[in-house]
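Work through the exercises below with the sequence and the model side by side. Try each task yourself before reading its solution.

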Amino acid sequence: MSGRPKFYITTAISYPNGQPHIGHAYEAIATDAIARFERLDGKDVYFLTGTDEHGLKMKQTALKEGLTPRELADRNSKRFREMAGLLGLSNDDFIRTTEPRHYQASEEIWRRMEKSGDIFLQKYAGWYSVRDEAYYNETETTLGDDGVRRGPQGTPVEWTEEETYFFRLSAYQDKLLAHYDANPDFILPPERRNEVTSFVRGGLEDLSISRTTLDWGIPVPEPKRTDGKNSPPHVMYVWVDALTNYITGVGFPDEKSELWHFWPADVHVIGKDILRFHAVYWPAFLMSAGLELPKRVFSHGFVLSKGEKMSKSVGNVVDPFDLVHAYGLEQVRYFFLREVNFGQDGNYSPEAIANRINADLANDLGNLAQRSLSMINKNCGARVPEPGEFAAADKAILAAADGLYAKAREAMDKQAVTRYLDAVWAVVADANRYFAGEEPWAKKKTDPKRMETILYVTAEVVRQIAILATPVTPHAAEKLLDYLGQDDDAHTFKALGEAGRLKPGTVLPEPQGVFPRYVAPEAEPPAEK
Ligand code: ME8
């Protein structure tokens with residue numbers, strides 16, 4: 001253990017029944033930005049992502065493609081891992097639920113829930129959505145004009161009847177409500193919390209947690225039956241095993257593992273469609289197994305294509321690989337985190353991304369840095385200039401930059417990624433106004449000391465902005481800090497504010513642009529599929 005405060009963060013683990021899409025990329029980018037932010041703020045961070053490989057959806061897709069579920073999982077999980085590389089994720093591990101370590105963890109949590117008396121065998125009869133891998137009450141389903149019954153997320157449900165193991169979820173209703181009450185930030189953003197509490201208040205039914213009509217799952221560690229009968233083998237309901245990945249990833253069931261101190265997770269980052277699993281089922285399983293609960297479940301919104309859900313049938317699915325190749329990695333990272341208010345739905349469109357790249361990155365930050373640094377290079381002997389006395393305008397912009405850490409920290413205490421970026425880019429805008437208003441180029445002959453002061457102040461503001469932009473645009477930020485002559489140890493949040501002020505006389509390399517303008521190629525932007 002490092003002695004630093006620990007921070008354990010996870011993404012959902014994706015179903016590798018298809019290729020990764022923008023929704024997966026979005027969640028991964030956001031989680032990575034949070035992980036990087038906390039690392040730069042001195043935490044000992046562990047960041048887990050991976051793939052969720054069991055269940056009926058995987059089995060059915062594999063059948064359609066003429067593969068075994070294992071082959072399908074191997075092929076597509078690899079692509080998710082490649083996406084992690086593409087997006088520059090700083091994850092510490094990539095878990096696959098088909099790994100032996102995960103079988104052990106899932107068997108152990110099952111045994112513990114059973115030991116608590118929360119698992120029993122009973123006949124299940126009800127509606128199941130393969131697409132959502134979810135059981136729904138009759139009242140949550142509706143019969144469409146097309147004769148198809150659908151669940152609350154619009155996916156078709158099918159009638160299922162079999163003897164399964166149940167988890168006594170009903171016994172956890174009051175405990176869950178008490179937990180939400182005592183921990184108002186357990187579910188964020190707050191709008192989502194109300195949705196969960198009203199679902200739980202409405203009454204919880206026991207949950208079917210095994211299947212006998214499916215063999216693609218983790219076998220239930222079944223007790224020997226005493227009635228002499230042979231029941232068909234059960235595999236675990238995919239969500240029991242999927243949720244357990246979060247503890248497998250930090251060593252469970254080996255509580256002596258060097259990773260186990262990371263549990264409980266500080267934040268599970270997930271999409272709004274799977275909140276119920278994370279905020280209701282998962283804490284109930286953990287309570288039953290006598291394990292600590294995660295500190296927070298953050299539910300982000302959906303990325304839509306011009307207001308519509310992306311789907312293969314609509315033909316508006318955008319491939320993250322194409323997107324990164326067309327616009328650049330850091331541009332894509334910045335775009336999603338700034339444009340899609342974290343916690344709400346938001347839109348992707350080629351126009352919106354080009355606009356963000358050109359307005360926020362190339363013009364506002366890129367030009368400010370390039371203009372001030374190249375003036376220093378040409379007019380101050382390529383060294384950080386010695387400022388004269390600060391005028392009111394200098395003090396105001398320095399104070400705005402110095403105040404950024406507190407604002408960013410306060411926002412990120414609640415994973416308000418977009419609010420943190422808004423605060424940083426508000427200072428970028430202020431700094432541009434300052435630079436344009438003070439006109440250092442006009443002072444070159446008339447008042448060179450004043451020019452030096454303005455350039456010093458601008459470069460100092462760029463320094464702090466670069467540090468604070470690092471979680472989102474790590475490479476560009478690093479380059480900016482290099483152009484400002486900053487050693488690696490001056491790239492963390494410790495160097496923010498007065499503590500890390502630029503030192504006059506520091507030799508600076510010749511600056512290069514870090515954020516090129518986006519110019520649409522002759523051909524169309526990434527094709528929608
Ligand atoms: O749900 N915009 O996997 P998954 C934003 N295996 N996020 C989106 C999105 C979109 N358009 N589409 C999907 C599963 N997501 C389970 C999770 S966790 C123990 C098991 C998000 O591949 C979605 O909300 O369907 C989820 O958080 C993640 O992508 C993986 O979705």
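**Exercise 1. Locate Val 250, decide whether Val 250 is buried or exposed, and list what Val 250 touches.**

Step 1. Val 250 sits in the loop that runs between helix H7 (238–248) and strand E13 (267–271), where helices (H or I, at least four residues) and strands (E, at least two) are DSSP runs numbered from the N terminus. The model is a predicted one, in which local features need pLDDT of at least 70 and side-chain atom pairs count only at pLDDT 80 or more, while totals for chains, interfaces and linings use all residues. Residues are numbered from 1 along each chain as its sequence is written.

Step 2. A residue is buried if 20 or more other C-beta atoms, placed from the backbone, lie within 10 Å of its own, exposed if 12 or fewer do, and partly exposed in between. Val 250 is buried because 24 other C-beta atoms lie within 10 Å.

Step 3. Two residues are in contact if their C-beta atoms, placed from the backbone, lie within 7 Å. Leaving aside residues up to four places away in sequence, Val 250 touches Tyr 8, Tyr 46, Leu 259, Trp 260, Phe 262 and Trp 263. Of these partners, Trp 260 is 10 residues from Val 250 in sequence, and the two C-alpha atoms are 5.1 Å apart in space.

**Exercise 2. In the loop between H7 and E13, find Pro 253 and Pro 264 and describe the peptide bond that leads to each.**

Step 1. Pro 253 belongs to the loop between H7 and E13, and the bond joining Phe 252 to Pro 253 is cis, with omega about 10 degrees.

Step 2. Pro 264 also lies in the loop between H7 and E13, and the bond from Trp 263 to Pro 264 is cis, with omega near 5 degrees.

Step 3. For background, most peptide bonds are trans, and most residues other than glycine have a negative phi.

**Exercise 3. Glu 133 and Glu 439 each have a positive phi of about 45 degrees; which of them is buried, and which is exposed?**

Step 1. Glu 133, which is not a glycine and yet has this positive phi, is found in the loop between strand E4 (119–129) and strand E5 (134–136). Glu 133 counts as buried because it has 21 C-beta neighbours inside 10 Å.

Step 2. Glu 439, likewise not a glycine, has its place in the loop between helix H14 (417–438) and helix H15 (440–446). Glu 439 is exposed, because 12 other C-beta atoms lie within 10 Å.

**Exercise 4. Describe how domain 1 and domain 3 meet.**

Step 1. The assignment, whose bounds come from an automatic or database source, gives domain 1 (6–107 + 237–305), domain 2 (119–235) and domain 3 (358–507).

Step 2. The C-alpha centres of domain 1 and domain 3 lie 37 Å apart, and the contact takes 10 residues from domain 1 and 9 residues from domain 3.

Step 3. Helix H1 (residues 22–40) provides the largest share of the side of domain 1 that touches domain 3, namely 6 residues.

**Exercise 5. Compare the length of helix H16 with the expected span, and state how many of its residues are buried.**

Step 1. Helix H16 (residues 448–469) has 22 residues and reaches 31 Å from its first C-alpha to its last, close to the expected 32 Å, a value found as 1.5 Å times one less than the number of residues.

Step 2. H16 is mostly covered, since 20 of its 22 residues are buried.
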